[in-house]
Amino acid sequence: MSLIEKNLSAHGIVLPEPVAPVANYVPFVITGNLVMISGQVSIGADGLMTGKVGNDLSLEEGVKAAEACAVNLLAQLKAACDGNLDRAVRCIRLGGFVNCGPEFTDHPKVINGASDLMVHAMGSAGKHARAAVGSSSLPLGAAVEVDGIFEIA
């Protein structure tokens, strides 16, 4: 078990199997020592988390949805590393999208769910650059979507 998986386990998190793409794209692309992971929607143990944060979902539920996205990013990263997450050097950037109405302005607080999980999983190597934006809709009605760029050895 990798250090990342041990850190996640300490928080009660086990990585799922990576989610298959739902359209014409690949889940990740490796170029040099970088892995670009396609947007992962808020699919958790209980299925897809849908709705608009601030309308249908509370801020806390949005944070949980962003955490689920981060778990799915790490599952894809594990696949990109041929099952060995000890190859992961650092999280470089996360791009977060929050399904919300025009009056919602707490996008950064929602995406903190993904950012905080990366730091729990990777320690200081989990600190990253980031974007957090609102969207009028997301694929499959997902509450949150997060993509990421990682460095691997």
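**Contacts and core of the chain**

Setting aside neighbours within four places in sequence, Leu 77 is in contact with Val 35, Ile 37, Leu 85, Ala 88, Phe 150 and Ile 152. These contacts are read from a predicted model, and they offer a friendly way into the fold.

Leu 77 belongs to the largest nonpolar core, a set of 36 residues. Together with Leu 74, Met 118 and Val 144, Leu 77 touches the most other members of this core. Several elements take part: helices H1 (3-10), H2 (59-80) and H3 (107-122), along with strands E2 (34-41), E5 (88-99) and E7 (144-152), each contribute at least two residues. The greatest share comes from H2, which supplies 9 residues.

How many helices and strands does the chain have? There are 3 helices and 7 strands, and along the sequence they are arranged as α-β-β-β-β-α-β-α-β-β. Among contacts with a separation of 6 or more, 80% join residues that lie 24 or more positions apart.

Turning to overall dimensions, the C-alpha atoms fill a box of roughly 40 × 35 × 30 Å along the principal axes. A compact globule of 153 residues would have a radius of gyration near 15 Å, so the 14 Å of this chain agrees with that expectation. Of the 153 residues, 40% count as buried.

At the surface, the chain exposes about 7,300 Å², and carbon and sulfur atoms supply 55% of this area. The chain carries 10 positive and 15 negative charges, and the mean positions of the two groups are 7 Å apart.

Key:
Residues are numbered from 1 along each chain as its sequence is written. This is a predicted model: local features need pLDDT of at least 70, side-chain atom pairs count only at pLDDT 80 or more; totals for chains, interfaces and linings use all residues. Side-chain values use heavy atoms; hydrogens and water are left out. Helices (H or I, at least four residues) and strands (E, at least two) are DSSP runs, numbered from the N terminus. The radius of gyration is taken over C-alpha atoms; the globule rule is 2.2 Å times the number of residues to the power 0.38. Buried means under 20% relative accessible area, exposed over 50%, partly exposed in between (1.4 Å probe, protein chains only). Contact means heavy atoms within 4.5 Å. Accessible areas come from the Shrake-Rupley method with a 1.4 Å probe; for residues, only the protein chains shown count as cover. Lys and Arg count as positive and Asp and Glu as negative; His and the chain ends are not counted. The place of a charge is taken as NZ of Lys, CZ of Arg, CG of Asp or CD of Glu. A nonpolar core is a set of buried Ala, Val, Leu, Ile, Met, Phe, Trp, Tyr and Cys residues joined through side-chain atoms within 4.5 Å.
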